[in-house]
Structure formats: C-alpha cells, structure tokens
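Good morning, and thank you for coming. I would like to take you through one protein model, beginning with its confidence and then turning to a few elements in detail.

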Amino acid sequence: MSFSPERNNHHHQPPPPPPPSKKRLNWRDVWLNDQQALTHAALKMRLHSPLSSTPPSDPDETLTLDDPNNPNLKTADRFSLLSDELLLSILSKLPASQHVTNSAVNKRWLKLNGRFVQSIKLLDWEFLESGRLTYRFPNLTDIDLVRACVRSSRNSGIVFTHSFVSFHLDSSSLDGGGGFIGKHNLLHSREIDRGVRILSEGCRNLRRVVVISPGEETLLCVAEECLTLQELELHCCADLSLRGISGCRNLQILKLIGCVDGFYDTVISDIGLTIVAQGCKRLVKLELVGCEGSYDGIKAIGQCCQMLEELTLCDHRMEGGWLAALSYCTNLKTLRLQGCKNVDTSPGDDEHLGSCPALEELHLQQCHLRDKQGVRALFLVCRAVRELVFKDCWGLEDSAFGIASICRGVKSVSLEGCSLLTMEGLDAVVISWKELKRLRVVSCNNIKDSEITPALASLFSTLKGFKWQPDSRSLLSSGLAGTGMGKKGGRAFKRV
C-alpha cells in the first residue's frame, strides 16, 4: 500500500478563518482614521463658504493642508479650518455665560470672544495704553474709565461707595482737606488724553463714555473719532473743558458731575451750561450733579436744546430765581430733583415764573421741602404735571403737600417715606384731584387706616392702580387681597 503525502495534507488542513464581521463605521472612526478625507471635507466647506475670503485671525494656528499625513493633524484645532466669520457665527449661538470659558481654548478664541463684549468698566489704565483693550474688545459701545483714572491701592480692604463713584481707599487717598480723592490721586490730563485717543481710534463704535477730569482735547478726540457717540458722563469736569463737547453732534444724553462732597470740588457754572447749550443742540436728557448756575444757564439750555425732554438736578447749587428759566424748556416732559438742600431760595413773583406746558412727571427724592416759598414756586411752574413722585423728602408735612393741589390734572401719585404727612393732609389734596387714577402710599407712618374718611374710601374703589402700605400695622392692604381693587380698568399700579 502506497502512502500519498498530498492526500494526507488534504485531510489534515485547518478550516478557513471565519469571514470578518461587518462593523458599521461611525463618525469617530472617520475622525480618527480617515484624516485625509476629513481634511478634504473641511477644506471644501471653507472654499465654498461665501465668507471664506477672510483668513483666520492668527496665522500660527492655521492647519497645514498640503500634508494630510501630518502627525500633528490629530491634535490640531479643526476649527482653524474655518474663517473668523464662520467661527463667530457658531460662537454667537452659544449662551453669553459660556463666553469666558470659550476664551480659554486658545488665543484665537480669546480674541474672537472679545468681539461679543460691548460694555466694560476699566480698572487698569495700562491695559488701555498698551493697546490690548482695543485689540481684545474692538466692538465696545460702552466704557467706564473713572476707576482706572484714580490711583488707589486695590489691596486696600476699604471701599468707599458714593451714588456716582466707588473707590478703594488707603491713607494716601486723603487729600489733606477732608476729601477722599485729591488731585494727586488722579492721572495727569496728558495721560488721560493719550489713553482716550487710543480708545477712540480703536473703538469707533462707542456710544457711551464715562470719564473723569477730561480736557478739551480729550472730548474733541472722542467727538472726531466716535461719530455714533450718544451718551457722555463727565466727572470732575470744569467749565472750559466743555468746549470740546461741541464736536459731539449726535450727543443725546449728558451727565455732568461737578462738585461732590468728599470727592470732587470742580465748578460748573453758567459758563459751562452755555457752552453745552450751544454745542449740544440735540440733547434729550441732561443731568446736572453738584453744578452751580442761575437763571441764565438754564435759560440757555431751554432756548438752544429744543429737544430736551428730561432734566435732572442733583444736589444743585443754583442761585435764586433759576426756576423761572424752566419755562423756556418747552418740550420738557420729566423734571427730577434729587438730594437738593433747597428748591429755589428766591423764586420771585408768581407772574414771572411761567410754566412748562408739556411737563408730565415731577420726581422729588431726598429733597428739603421746608421752604414753602420755593415749593410753591415749583408747583406753579409744574402745574401741568400728570404724575407726582415724593420719596424720602424732608419737611413734606400737611401744609407743604397741600400746595400740590395747584396741579389740577394729576393722575398718578406716589408717596414713600413721607413720615410727617398725616391722613388729614393726604385726604384734603387727594380728594381735590378729580382725574386721579393711581395712588401709592408706602412707609408713611403718620397715615393710619383708622382715619380713612368715607370719601377717601369711595375714591379707593375707583382707582386703576392702588398700593396702600403706610406702615407695618396697616390692615387695609391685607383686607383687599383677592378683591381685585386697584386693578379696575387696567393694569396694577407698578410704575411709581
């Protein structure tokens, strides 16, 4: 019997391997294994984009496409294949709360996320002078430079906050004259001019600027470069410095802060008010803080700024007789007096006061109203008013509040923190206002529920807006719960 090795090998050959299982490819496999296809797809997407003509902002972060086998491709930033406009469009879809986190990805993302920032309070002046501010945030529309213009120790644990400013304080901050901020604490005017020029040339879309101790050149530079500027807030600004404001043709809102006890001691007088009147004829809102002046300055504002609708005087130092000049503000709709130690020390005869025919709102907050002559003159000038607001005013007792009955067309009244006013004084005036629709009484401790007259109670039921909390013991407000009183004919009283 012969033995065949071929047959023996045939019978003992191992079985063939099983066919490979078909595995579905997912995006992860393509991402990790087919780098050439991925690169080609990303390049085509960029080339066919209508915005693809703009290269990435940082050339160092651009991916090399001519070598798809580049080993660094796996770790490179795939977003570098996109133009700045495409990446900005993607980032804009994310919540604003993620912008800070996104800025930490790389330098390019840091710069691109800076384009979403529009409002900043600057703390470090060097950040502005170095050019980094305008590079990082080219689309700024609102910037506050005040704190950066004051040399103060940020390591100090003492922070002094005023209504308008806030600073860190230490022993070097005291100016020796009883104030917290001295001239030696402020940057030199040349430094401020240089920094503001860098800012205005790098951020031409600015609409609001807050600056301290500006010079004429500072304001001229802002006016020339930032044509869309609409709002200025000037701290510690003197009369002659305001000459540069004449170039701000589109300025609509202006806030001038002159003298602030303990901080600034600059003087803004009729000279400054006249300069503003002649240079800013499109003003809609004007706020004067610690400003001096008289009849002439307010008259110039009224005659030149025909579009003025809102005027605010805070802690004013106006000479007697200034109230009569308000009649020149023919389109004035809102008048606010805040923290004023007096209204008008010498208003003059009634026939010379005039009135503001378009006035709709009169707000008095933390004002001294003990001078009945000044208060009467104010209500005569504002006799066309429709809305009255009193908040934490000293000296507003029954006789002073009774003068408000001069204003016959009042439709809305808000009283808050008027502790001297009683129910007798309130009743007499409120009943006389036949067009009254809204009443708000809060924290007026001398007004008692038990003293409400039948006529006043009847009036309450017809009001469209009603809030009654004269003190913590008042039972009327809790008794009205669920009755719908105060909502008849319209919305609840929320405005004042």
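Let me begin with a stretch that calls for caution. Over residues 41–76 the pLDDT stays under 50, and the model has 48 contacts for these residues beyond four places in sequence. I should say at once that this is a predicted model. Across the protein the mean pLDDT is 80, with 68% of the residues reaching 70 or more. Residues 1–11 have a pLDDT below 50, and in the model this stretch has 1 contact beyond near neighbours in sequence.

Next, the overall picture. The protein contains 17 helices and 19 strands. It has 496 residues, of which 44% count as buried. If we take the contacts between residues at least 6 apart in sequence, 67% of them join residues at least 24 apart.

I turn now to two helices. Two packed helices are described by the angle between their axes and the distance between the axes. Here, helix α11 covers residues 270–279 and helix α12 covers residues 295–304; their axes come within 8 Å and cross at roughly 5 degrees. Angles under 35 degrees count as roughly parallel, and α11 and α12 are therefore roughly parallel to each other. Which residues in α11 and α12 meet? From α11 there are D270, L273, T274, V276 and A277, and from α12 there are D296, G297, A300, I301 and C304. By class, this contact of α11 with α12 has 6 nonpolar, 2 polar and 2 charged residues.

Let us move to the strands. Strand β12 runs over residues 310–314. It pairs with strand β14, residues 334–338, in the parallel sense over 5 bridges. Strand β14 also pairs with strand β15, residues 361–365, in the parallel sense and over 5 bridges. Within that second pairing, L337 has L364 in β15 as its bridge partner.

Finally, I would draw your attention to a single residue, E310, which is found in β12. Its bridge partner in β14 is T334. Is E310 buried or exposed? Its relative accessible area is 18%, and buried means under 20%, so E310 is buried. What does E310 touch, not counting residues up to four places away in sequence? The residues are V284, K285, L286, L332, T334 and R336. T334 therefore appears twice in the account of the buried residue E310: as its bridge partner and among the residues it touches.

Thank you for your attention.

Note on methods
Residues numbered from 1 in each chain as written. Predicted model: local features only at pLDDT ≥ 70, side-chain atom pairs only at ≥ 80, totals over all residues. Heavy atoms only, no water. Helix = DSSP H or I, 4+ residues; strand = E, 2+ residues; numbered from the N terminus. Buried < 20%, exposed > 50% of the residue type's maximum accessible area, 1.4 Å probe, protein only. Contact = heavy atoms within 4.5 Å. pLDDT = per-residue confidence, 0-100. Axes fitted to C-alpha atoms, helices over the stretch in contact; angles between N-to-C directions. Parallel < 35°, antiparallel > 145°, perpendicular 65-115°, else oblique. Nonpolar A, V, L, I, M, F, W, Y, C, P; charged D, E, K, R; others polar. Pairing = 2+ DSSP bridges.
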